[in-house]
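Colleague: Please take a close look at the interior of this model for me, and at how its residues pack there. I would like one connected account, with the cut-offs behind each term.

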Amino acid sequence: MNRRTLAIVAGIVIAAAALLYFLWPANEAAVQQDGEAAEAALPEGLVLIGDEQLRAAKIKVESVQSGAAVELVFPATVAASPAATARIDARATGVVRSISKTLGDYVSQGETVARIESADAAALASQLSAARARVTALSSAYDRERRLFEGNVTARQDLEAARADLDVARSELSRAQAAVSAAGVSGDGRSLAVTSPISGRVTTAPIVLGSYVDAGEELFQVINPNGLQIEVALPSADAVRIKPGDEAALLVGDGREIGARVRSVTPSLDPESRSATAILNLPGSVSGLQPGSFLQARIRPSGEVDQRSISVPEDAVQVVDGKDVVFVRTRRGFQAREVETGNRSSGMVTIHSGLSAGQAVATENAFLLKAELEKEEAEDGD
């Protein structure tokens, strides 16, 4: 190779190196821009996940079902059940001498809420004293007859007669003691106790200290807040659709939704309102409910399905950024899709919009997709 050839080769190498030097940063920037563009092209809310990762996370995929539970809406009233309300009347005619409870106070079963001075108290106390005296006298007579019989002075029939008289007297004493105890007669025999038959709170108290009351006059009303029930007015056309055991939901004033269940339905219509009444049982004590207040009841007749609606398992619906979403299966993973939800029944949620029947969505362990989506959004924000 001569000197001229070497010079030509060297020139070509230098030119190639210079060209590479000047073009390299531009190429690197172009590659970076292409990567950012590809990343930006991913749909918002898409969670990339492969089949192997899907199996490892145990995320279950199910098809959206056609058909959802029918829900009927009715006005309802909070009421106390018959066993949870008590009217406390005066047991005898007399004068109110003391009052220990008033409106809103809590009372225990059997607790004294007032006392009435009455002639009936004196009569009961007198009967008890007479019964005790008779038992004492007949006990002495029996002991005397027993000693005489043991000394062969009297016949056996005299001893047995004395014993029979004593047994009758003791029975009368027990009856007098029971009457005094039930009436709550005071120790001085002047007043009777007014007691509550149930535990609860005083809701009515027309009693006035020093007033004269007649036997049977209402003095208090007590309601046990744990014994509330819901009364629902059912139009005649819907009454035949509601059965005992049907699920229901109650919407109270503060926006809460409380689960309930139909206990019974009246077999006939009210002659004035032309409606039947359904009684709903509450799951337990519910704060904020007061007898007489109004609310809305949504009852789901068993076996009735609206084929125009669709539903998904409750686990499929997740809350992301304050919105209800489901994760729809795609070729690359799952796409978060906002939906409008309806009633919930037997573990299913009615979907009003955002999904179509037959689409595959994540159900069991769908919260893992929510966590991954929130993680990706947090990283993008950084």
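Modeller: Starting from the outside, the chain has an accessible surface of about 22400 Å², and 52% of that area belongs to carbon and sulfur atoms; such areas come from the Shrake-Rupley method with a 1.4 Å probe, and for residues only the protein chains shown count as cover. The model is predicted, so local features need pLDDT of at least 70 and side-chain atom pairs count only at pLDDT 80 or more, whereas totals for chains, interfaces and linings use all residues. Residues are numbered from 1 along each chain as its sequence is written, and side-chain values use heavy atoms, with hydrogens and water left out.

The chain holds six helices and 24 strands, taken as DSSP runs numbered from the N terminus (helices are H or I, at least four residues; strands are E, at least two). Of its 382 residues, 34% are buried, where buried means under 20% relative accessible area, exposed over 50% and partly exposed in between, with a 1.4 Å probe and protein chains only. Counting contacts (heavy atoms within 4.5 Å) between residues at least 6 apart in sequence, 74% join residues at least 24 apart.

Now to the core itself. A nonpolar core is a set of buried Ala, Val, Leu, Ile, Met, Phe, Trp, Tyr and Cys residues joined through side-chain atoms within 4.5 Å. The largest one has 28 residues, and the members that touch the most others are Ile230, Val232, Leu234, Leu250, Leu280 and Ile299. At least two residues of this core come from each of β4 (72–80), β13 (228–235), β14 (247–251), β15 (257–265), β16 (275–281) and β17 (294–300), with β4 giving the most, five residues. Leucine 280 shows the packing in detail: leaving aside neighbours within four places in sequence, it is in contact with Gln229, Ile230, Val232, Ala248, Leu250, Ala260, Arg261, Val262, Arg263, Ala297 and Ile299. Apart from this core lies another, of 18 residues, which include Leu124, Leu173, Val180 and Val185.

The helices deserve a word as well. Two packed helices are described by the angle between their axes and the distance between the axes. Helix α3 (residues 119–150) packs against helix α4 (residues 156–183) at an angle of about 160°, their axes being 8 Å apart. The axes are lines fitted to C-alpha atoms, for helices over the stretch in contact, and angles run from 0 to 180 degrees between N-to-C directions. The two helices are therefore roughly antiparallel, a term for angles over 145 degrees, as against roughly parallel under 35, roughly perpendicular from 65 to 115 and oblique for the rest.

In the loop between α3 and α4 sits asparagine 152, which is exposed at 72% relative accessibility. Its phi is near 60°, a positive value in a residue other than glycine. Aspartate 321, in the loop between β19 (318–320) and β20 (323–329), has a positive phi near 55° and is exposed at 63%.

Polar residues also appear among the buried ones: glutamine 335, in strand β21 (residues 333–338), is buried at 16% relative accessibility, and asparagine 343, in strand β22 (residues 340–345), is buried at 10%. Not counting residues up to four places away in sequence, glutamine 335 touches Pro43, Glu44, Gly45, Leu46, Val326, Phe327, Val328 and Thr330.
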